Amino acid sequence: MYVGGTVFGVGYPTTIGAFQTTYTAGNIDMGITKFSADGSNLIYSTYIGGSNNEIPHSLVINSLEELCIMGTSGSSDYPTTVGAFDEIFNGGPALSLGQGYGFQYLNGCDIVVTKISFNGDALLSSTFVGGNTGNEGINIGSELHYNYGDAFRGEIAIDDNDNIYIASTTSSTDFPIVAANQTTHTGGTLDACVFIINSSLSALNWSTYLGGSDFDCAYSIQLDSGGDIYVTGGTKSNDFTTTADALHESYQGGDADGFITHFAADGSSILSSTYIGTSGYDQCFFVQADINDDVFVVGQTDGTYPITAGAYNNPNSGQFIQKLTNTLDSSLMS
């Protein structure tokens, strides 16, 4: 089992030989720990951080059981590796997180993607990803930041060739773009961003904005059996990109809707895209394709969410699970 979290100071239990055994300056470092299968031993445990603040958002292991981390950092000296896609911190406006989080990004923040060795003793590759005009990775300052912890959503996934897929958010108008479906930031301070970076973290294979004229955030990304990409999140945009015959082609109303967008495997096109929601507040937090490539999302609602006849349900509760066809044109279960 692999876990990642925030460490406010010295004393986190690190292991001899781990990549970074000492706490650095700033309010917080990442704490990354690998447990044995029965939980009885620490295989490795390490800090990761620079002289400002960082937090891990999502973890996944690749085919070699190397741990890949997606997070955010406000440190110009966050550890990167020679030949990485972006070795230089881009930063942005000072960002005060407030709301009980207990730290700030004084120089703004970038997304960081970091890969550490099987036994935790080495940083194999590590890179910044971000623009110079805004901040990356943090959902703050809109109705999309609804629950404690929503600021730090975003997800990392891996394909069969160990390429790395990221879904997150950006406020930069100069976020690095490669073969994009949407080449410009469309407003509302935050747009979702989606990108693929190669296994050595040396090059972006594909990168795009995703959003409309209001706030948009991507929280989760997964692949189906053919390598197609599914991204889900929340939006306040009534002009978010949807496709003909989608389950919901138009904004459903309220403070926010969820969305699901289905990209071709190489990111070259949007195959289908739909809003998810009711006339109240709704967001989708995780997406997953099953063995038949049907698409599941789990999310949160304060609306009257549709319930399939005969399905288990707890009426008027705040969470939903929905299953859709892989073309996102109809609901199979809710």
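Let me begin with the aromatic residues of this predicted model. Ring pairs join Tyr101, Phe103, Tyr105, Tyr148 and Phe152 into a cluster. Across the structure as a whole there are 17 aromatic pairs. One of them is formed by Phe103 and Tyr105, with 5.3 Å from centre to centre and 90 degrees between the planes, an edge-to-face arrangement. How accessible are these two partners? Phe103 has a relative accessibility of 5% and therefore counts as buried. Tyr105, at 0%, counts as buried as well.

A further pair deserves attention. The ring centres of Tyr219 and Phe285 are 5.6 Å apart and the planes stand at 50 degrees, so this pair is classed as tilted. Tyr219 belongs to strand 14 and Phe285 to strand 18, residues 282-289, so the contact between the rings ties together parts that are 66 residues apart in sequence. Both Tyr219 and Phe285 are buried.

I turn now to the nonpolar cores. The largest has 17 residues, and the members touching the most others are Tyr165, Leu210, Ile221, Ile229 and Val231. Which strands supply at least two residues each to this core? They are strand 11 (164-170), strand 12 (191-197), strand 13 (204-210), strand 14 (216-223), strand 15 (229-235) and strand 16 (257-263). Val231 illustrates the packing. Setting aside residues up to four places away in sequence, Val231 touches Ala167, Val194, Leu210, Ala218, Ser220, Ile221, Phe259, Ile260, Thr261 and Phe263. There is also a second, separate core of 16 residues, and Cys68, Phe175, Phe195 and Tyr209 are among its members.

Strand 16 also contains Gly258. With a relative accessibility of 0%, Gly258 counts as buried. Its C-alpha atom is separated by 5.6 Å from that of Asp282, a residue 24 positions apart from Gly258 along the chain. Asp282 is likewise among the residues that Gly258 touches once neighbours up to four places away are left out; the others are Gly233, Gly234, Thr235, Thr274, Tyr275, Ile276, Gln283 and Cys284.

Next, the empty space within the model. Rolling a probe the size of a water molecule over the atoms reveals where such space is left. How many cavities of 30 Å³ or more are there? The count is one. The largest cavity has a volume of about 40 Å³. Its lining consists of Gly137, Ile138, Asn139, Asp150, Ala151, Arg153, Ser168, Thr169, Cys217, Ala218 and Tyr219. Tyr219 thus appears here again, as a lining residue, having already been named as a partner of Phe285. Strand 11 and strand 14 each contribute at least two residues to this lining, and strand 14 gives the most, with three. By residue class, the cavity lining comprises five nonpolar, four polar and two charged residues.

The largest pocket encloses about 450 Å³ of space. Of the 19 residues that line this pocket, Asn313, Asn314, Ser317, Gln319 and Phe320 lie nearest its centre. Strand 19 (295-301) and strand 20 (319-324) each supply at least two residues of the pocket lining. The largest share, three residues, comes from strand 20. What is the chemical character of the pocket lining, in nonpolar, polar and charged residues? Ten are nonpolar, nine are polar and none is charged.

I close with three residues in loops. Gln20 sits in the loop between strand 1 (2-7) and strand 2 (29-35). Is this side of the model buried or exposed at Gln20? Gln20 has a relative accessible area of 10% and is therefore buried. Apart from neighbours within four places in sequence, Gln20 is in contact with Thr14, Asp29, Thr46, Tyr47, Ile48 and Gly49.

The other two residues are aspartates. Asp162 is not a glycine, yet has a positive phi of about 70 degrees. Asp162 is placed in the loop between strand 10 (155-158) and strand 11. Asp245, also not a glycine, has a positive phi of about 70 degrees, and is found in the loop between strand 15 and strand 16. Which of the terms buried and exposed applies to Asp162, and which to Asp245? Asp162, at 11% relative accessibility, counts as buried, whereas Asp245, at 59%, counts as exposed.

Conventions:
Residues are numbered from 1 along each chain as its sequence is written. This is a predicted model: local features need pLDDT of at least 70, side-chain atom pairs count only at pLDDT 80 or more; totals for chains, interfaces and linings use all residues. Side-chain values use heavy atoms; hydrogens and water are left out. A nonpolar core is a set of buried Ala, Val, Leu, Ile, Met, Phe, Trp, Tyr and Cys residues joined through side-chain atoms within 4.5 Å. Buried means under 20% relative accessible area, exposed over 50%, partly exposed in between (1.4 Å probe, protein chains only). Helices (H or I, at least four residues) and strands (E, at least two) are DSSP runs, numbered from the N terminus. Contact means heavy atoms within 4.5 Å. On a 1 Å grid over the protein atoms alone, a cavity is a set of points where a 1.4 Å probe fits but cannot get out, and a pocket is an open set with protein on both sides within 12 Å along at least five of seven lines; lining residues have an atom within 4 Å of a point. Grid points are joined across faces, edges and corners, and a volume is the space filled by probe spheres set on the points. Ala, Val, Leu, Ile, Met, Phe, Trp, Tyr, Cys and Pro count as nonpolar, Asp, Glu, Lys and Arg as charged, and the others, Gly among them, as polar. Rings of Phe, Tyr and Trp (its six-membered ring) pair if their centres lie within 6.5 Å; planes under 30 degrees apart count as stacked, over 60 as edge-to-face and the rest as tilted.
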